[in-house]
Amino acid sequence: MLWPMCGIVGYVGSQQALGIVIEGLRRMEYRGYDSAGIAVVDRSGADARLAGAKKAGKLANLEKELDVRPLPASTTGLGHTRWATHGGPTDGNAHPHFSDSAGVYTDLTGKVAVIHNGIIENFARLKAELAAENVTFLSETDTEVVAHLLARDFDEAGDGDLGAAMRRVVNRLQGAFTLVAVHADAPDVVVGARRNSPLVIGVGQGEAFLASDVSAFIAHTREAIEMGQDQVAEIFRDGSVRITTFDGEVVEGKRFHVSWDASAAEKGGYDWFMQKEIAEQPQAVADTLLGRVNGQGRLKLDEMRLSEDELRAITKIIVVACGTAYHAGLIAKYAIEHWTRVPVEVELASEFRYRDPILTKDTLVIAISQSGETMDTLMAIRHAREQHSRVLAICNTNGSTIPRESDAVVYTHGGPEIGVASTKAFLTQLTACYLVGLYLAQVRGVKFNDEVAEVLTQLSDSPAAIAETLNRMEPVRKLARSMVGARTVLFLGRHVGYPMALEGALKLKELAYIHAEGFAAGELKHGPIALIEQDLPVVVVVPSPKRPLLHDKIVSNIQEIRARGAKTIVIAEDGDDVVAPYADFLFHVPELPILLQPLVATVPLQVFAAELADALGYDVDQPRNLAKSVTVE
Ligand code: F6R
């Protein structure tokens with residue numbers, strides 16, 4: 001079975017659906033890029049039918065197909081980009097899936113078309129039931145079951161109500177799913193259903209949208225409505241919207257205004273989104289910090305729905321996150337423990353609930369997630385809430401599932417991140433973690449106001465320091481481009497430099513497909529030093545010389561590996577020339593207090609990985625096998 005984790009868009013209005021859907025898919029292709037497909041309602045003939053196209057591979061393949069075989073004009077349509085965890089993505093398995101209760105359908109036309117993100121767990125049983133009624137299946141997907149059920153149900157009811165048919169069908173499904181459907185005989189409506197995976201509504205003037213995220217329709221409207229779990233949305237040609245529960249009860253969706261515009265989701269002259277997003281980091285961090293201090297100079301976190309009493313009662317913090325967000329959590333531990341003296345554990349979200357973690361109502365679980373949809377992290381917070389712990393989300397995506405299911409949220413306000421590899425999301429997550437640490441310290445009275453204010457001032461200096469770091473990246477780019485032959489690269493760090501080493505290695509693995517590992521520098525002598533051989537590139541993140549204990553130790557570590565032939569690439573603070581004799585390449589970053597150093601020292605690691613990947617001819621924004629939003633466990 002293929003498990004889609006995909007980008008979804010639906011449109012109804014007065015504009016041509018084809019252009020709008022393709023544009024939406026382009027903006028969401030980062031979610032999955034194994035195949036793409038589209039369907040529109042074709043009212044040109046006597047008998048209303050759907051027309052569609054789908055192609056394995058990237059969206060460009062679908063666009064080529066549409067050039068050769070254009071679709072009819074239509075103002076109602078939907079489209080899909082797909083990511084599969086296993087099994088070969090083919091044209092036939094691409095979405096949409098079509099059906100017609102009269103049995104007159106192919107894999108590109110029929111009466112009903114369905115797209116899907118998630119897994120229909122009981123599809124085998126439903127498929128057997130349909131097969132027994134002589135329904136012919138054209139694909140191997142679970143999704144196709146929904147197309148056949150919907151076609152039959154719509155015709156059996158005979159009332160032309162696609163929303164009602166969808167409600168009846170979803171009540172037969174088990175699993176996680178976002179579904180969007182159109183029907184040739186209901187051309188003025190597009191219907192969506194949501195359980196566990198994301199779906200958001202865009203409300204325009206005389207038009208409406210359904211999409212996995214707002215970037216799909218941001219060029220047309222910035223007015224959006226969040227959808228809750230187990231809800232069905234019907235969007236109509238006049239721009240009106242009706243949301244109901246799976247049981248048919250009408251509910252009011254939460255409206256919100258998207259604070260960024262279409263240009264934020266475009267490359268704007270950069271070669272890749274990742275390059276743009278790296279460059280946006282000073283602004284993104286500044287935006288995370290914006291408006292966090294009240295008239296009395298005290299830190300305030302507007303979306304913090306936990307009371308000061310609740311925060312004072314906390315005895316332990318557990319950070320749960322995945323990948324890059326997990327690395328942000330590892331760094332946050334150093335800062336939060338130092339500032340608050342509350343013990344902090346950091347746990348991979350995918351491991352968390354399986355180890356029976358000790359959770360009480362006085363445990364604060366901090367979930368860090370750019371997308372707010374990562375299934376591993378979502379499952380971790382659900383487990384924590386079942387155990388009555390409080391959950392605070394640090395998230396970049398307004399209205400996404402993780403903040404919705406948390407007790408409190410601090411939004412990072414980083415703007416859309418489209419490159420699959422996290423860059424500005426990482427720095428803004430770190431910034432939000434610092435804010436949370438300082439806020440806890442303030443609320444719990446373990447830091448004086450002027451101490452909190454001092455760190456806030458240092459934080460407010462960081463965007464300029466990040467900008468300065470970006471100005472110095474040419475030698476990093478040059479070095480990366482000279483290293484296309486590297487087979488392995490190691491990364492070392494101490495203190496917050498250790499999670500930075502992990503992050504540097506992750507970036508290189510995912511973008512340049514080069515074997516890379518991050519180590520705590522002190523751990524090297526306990527085994528990994530055996531890996532060092534002549535000319536092996538080793539990147540070392542050096543802490544400030546103002547922390548002599550740490551600094552001296554890492555300088556010794558650099559000497560140890562250099563003595564064994566390593567080519568050392570050293571990232572050190574301005575003015576730190578002690579390391580110069582042991583560095584084959586030395587890059588200086590502006591001075592920041594050690595806890596904040598990741599805000600600048602991560603930048604060369606990001607640039608290094610992206611440039612090396614590009615030099616190797618890889619797609620920097622869409623690395624192989626990955627998807628931006630990992631909505632399966
Ligand atoms: C790596 C990367 C991933 C994500 C991880 C969590 O560059 O982007 O490791 O950090 O999949 O994603 P979110 O933050 O959306 O939960």
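A residue counts as buried when its relative accessible area is under 20%, as exposed when over 50%, and as partly exposed in between (1.4 Å probe, protein chains only). The model you see is predicted, so local features need pLDDT of at least 70 and side-chain atom pairs count only at pLDDT 80 or more, while totals for chains, interfaces and linings use all residues. Residues are numbered from 1 along each chain as its sequence is written, and side-chain values use heavy atoms, leaving out hydrogens and water.

**Exercise 1. Find what share of the protein is buried, and how compact the protein is.**

Step 1. Start with burial: 62% of the 633 residues are buried.

Step 2. Next, count the secondary structure: there are 18 helices and 25 strands. These are DSSP runs numbered from the N terminus (helices: H or I, at least four residues; strands: E, at least two).

Step 3. Now compare the radius of gyration with the globule rule. The radius, taken over C-alpha atoms, is set against 2.2 Å times the number of residues to the power 0.38. The protein has 26 Å, close to the 26 Å from the rule for 633 residues, so it is as compact as a globular protein of that length.

**Exercise 2. Work out the strand order of the eight-stranded sheet and say which strands stand at its edges.**

Step 1. Recall that strands of a sheet pair through backbone hydrogen bonds, either parallel or antiparallel. Here, two strands pair if DSSP finds at least two bridges between them.

Step 2. Read the order: β3-β2-β4-β1-β10-β9-β11-β15, an open sheet with antiparallel pairing.

Step 3. Look at the ends. β3 (49-56) and β15 (254-257) each have a single partner strand, so one side of each lacks a neighbour in the sheet.

Step 4. Zoom in on one pair: β9 (residues 200-203) and β10 (residues 208-211) are joined by four bridges, and Val203 stands opposite Ala208 in β10.

**Exercise 3. Describe the five-stranded sheet and the helix α17 that lies across some of its strands.**

Step 1. This open sheet runs β22-β21-β23-β24-β25, with parallel pairing. Its edge strands, β22 (515-520) and β25 (585-589), pair on one side only.

Step 2. Inside the sheet, four bridges link β21 (residues 488-493) with β23 (residues 537-541). Across this pair, Leu490 stands opposite Val538 in β23.

Step 3. Add the helix: α17 (residues 548-563) lies across β21, β23 and β24 (567-573), at about 175° to β23. Contact means heavy atoms within 4.5 Å. Angles run from 0 to 180 degrees between N-to-C directions, with axes fitted to C-alpha atoms, for helices over the stretch in contact.
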